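Open the model in your viewer and set the display to cartoon. The tour goes from one selection to the next.

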Amino acid sequence: MPRATGTEALARLAEERVDHRFKGLPPDAEGLTVAELAAQRRNLFTGGFTTPVLALSAERLEHNLALMETYAERHGLAFAPHGKTSMAPRLFQRQIEHGAWGITLAVPHQVWVARAFGVERIFLANELVDPAALRRVADELAADPDFRFVCYVDSVRGVGLMDAALRGAARPVDVVVELAAGEGARTGVRTEAECAAVADAVAAVPTLRLVGVAGYEGEVPRADTARVTAYLRRLTALAADFDKSGRFAGVDEIVVSAGGSAWFDAVADVFAEIPALSAPVLKLLRSGAYVSHDDGHYRRLTPFARVPQEGALEPAFRLWAQVVSRPSPEQAFANAGKRDAAHDLDLPEAQVVRRDGAERPADGVTVTGLSDQHAWLRTTGEADLEVGDWVGFGLSHPCTSFDKWQLIPLAEADGTVVDYIRTFF
């Protein structure tokens with residue numbers, strides 16, 4: 001049976017039946033298709049949704065998509081947002097509709113998800129030496145002449161393992177040499193001389209094609225603007241040196257890629273300095289957390305705080321939980337915990353309280369800890385909190401917010417749920 005097209009696969013998401021797999025949805029929606037439930041336009045607060053429930057703001061999602069599209073265009077950047085953040089094919093589609101060159105991913109399973117939903121350009125920001133995965137990539141490249149795939153290499157041994165797995169492949173796999181962000185950083189080649197040795201190893205095998213260089217400035221030790229800029233200039237100088245030595249001969253474009261969600265302003269500034277090379281340069285930015293932004297880690301780190309004239313991202317997630325216990329005036333418990341809320345970087349932030357259809361700030365309410373299914377709340381005298389109240393929490397770190405929810409309501413400002421976002425982790 002031929003594989004469904006990306007459009008067909010996305011359409012099938014709407015045909016999926018609502019059942020026990022999906023948290024927070026109305027119990028009486030069991031058996032409806034996602035499309036049927038979306039068409040009912042139920043209200044998040046009065047339409048039978050059960051707590052805890054994670055909601056994504058429709059308006060803020062659209063704002064963030066449009067802002068990064070404009071930012072990339074303004075700075076002459078191609079954009080391949082990191083898909084590991086959401087692992088949501090519907091959001092991949094929205095990102096591509098908003099001008100993304102393709103999608104960045106990290107591991108083979110994520111590639112298979114993206115391919116199942118029709119993503120034609122994938123940048124794998126990781127080394128890939130697994131033989132079975134490499135053969136699958138080779139099969140994808142052979143079956144689809146429009147499929148573009150690029151991944152990292154960072155060692156001569158890795159090149160050898162890739163070559164052994166890809167012998168007989170119809171098309172070579174495009175690779176970029178990853179330059180490490182410094183001693184003690186994550187993956188990547190530590191010195192320019194070693195980068196040259198890896199590039200030479202690529203040139204010596206028919207199964208790989210060197211198309212550029214890449215790195216991740218978010219791993220720069222003791223990162224600040226000066227250190228990040230210095231690293232990025234090493235990266236662009238490496239591209240220029242490789243080009244001068246003829247290592248990109250025959251390629252249609254030279255890939256230079258970097259960019260997480262904390263320093264993309266520095267990436268834009270340094271990539272603007274790249275001189276003319278022997279082929280057009282694809283200046284590929286990979287920031288992913290922007291799609292939902294957050295109320296913690298990225299709120300503090302966002303480059304838009306340094307360049308406010310460029311705009312501002314908006315936190316699009318809110319986790320709703322219900323107060324189920326109020327054992328003392330200083331303490332309350334809500335029914336959302338580690339299984340529901342991101343907690344690897346910061347605890348959730350109590351933002352608003354809803355009672356009888358009215359919403360007010362969650363003054364005097366602080367999250368002090370999480371159990372598996374409970375949020376521990378400290379309450380001061382100004383806190384007006386009762387059993388049964390709904391509390392809306394802001395979350396820190398999009399990557400570990402998306403991964404706890406398989407089907408996420410997309411809600412407008414008044415609570416009307418207009419769609420559902422399916423994730424695949």
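Is the crossing of H3 and H4 left-handed or right-handed? The crossing is right-handed (the near helix is turned clockwise from the far one by less than a right angle; anticlockwise would be left-handed). This is a predicted model, in which local features need pLDDT of at least 70 and side-chain atom pairs count only at pLDDT 80 or more, while totals for chains, interfaces and linings use all residues. Residues are numbered from 1 along each chain as its sequence is written, and side-chain values use heavy atoms, with hydrogens and water left out.

Select residues 58-74 for helix H3 and 89-97 for helix H4 (helices are DSSP runs of H or I with at least four residues, strands runs of E with at least two). Their axes, lines fitted to C-alpha atoms over the stretch in contact, are 9 Å apart at an angle of about 40 degrees. H3 and H4 are therefore oblique to each other (not under 35, over 145 or 65 to 115 degrees). Show side chains for the contact (heavy atoms within 4.5 Å): Leu61, Glu62, Leu65 and Glu69 of H3 meet Leu91, Arg94, Gln95 and Glu97 of H4.

Next, select strand S9, residues 281-285. Four of its five residues are buried (under 20% relative accessible area, 1.4 Å probe, protein chains only).

Add S2, residues 78-79, which pairs with S9 in the parallel sense over two bridges (pairing needs at least two DSSP bridges). Here phenylalanine 79 stands opposite leucine 285.

Finally, add S8, residues 254-258, joined to S9 in parallel by five bridges. Serine 257 has leucine 284 of S9 as its bridge partner.

Conventions: Buried means under 20% relative accessible area, exposed over 50%, partly exposed in between (1.4 Å probe, protein chains only). Axes are lines fitted to C-alpha atoms, for helices over the stretch in contact, and angles run from 0 to 180 degrees between N-to-C directions.
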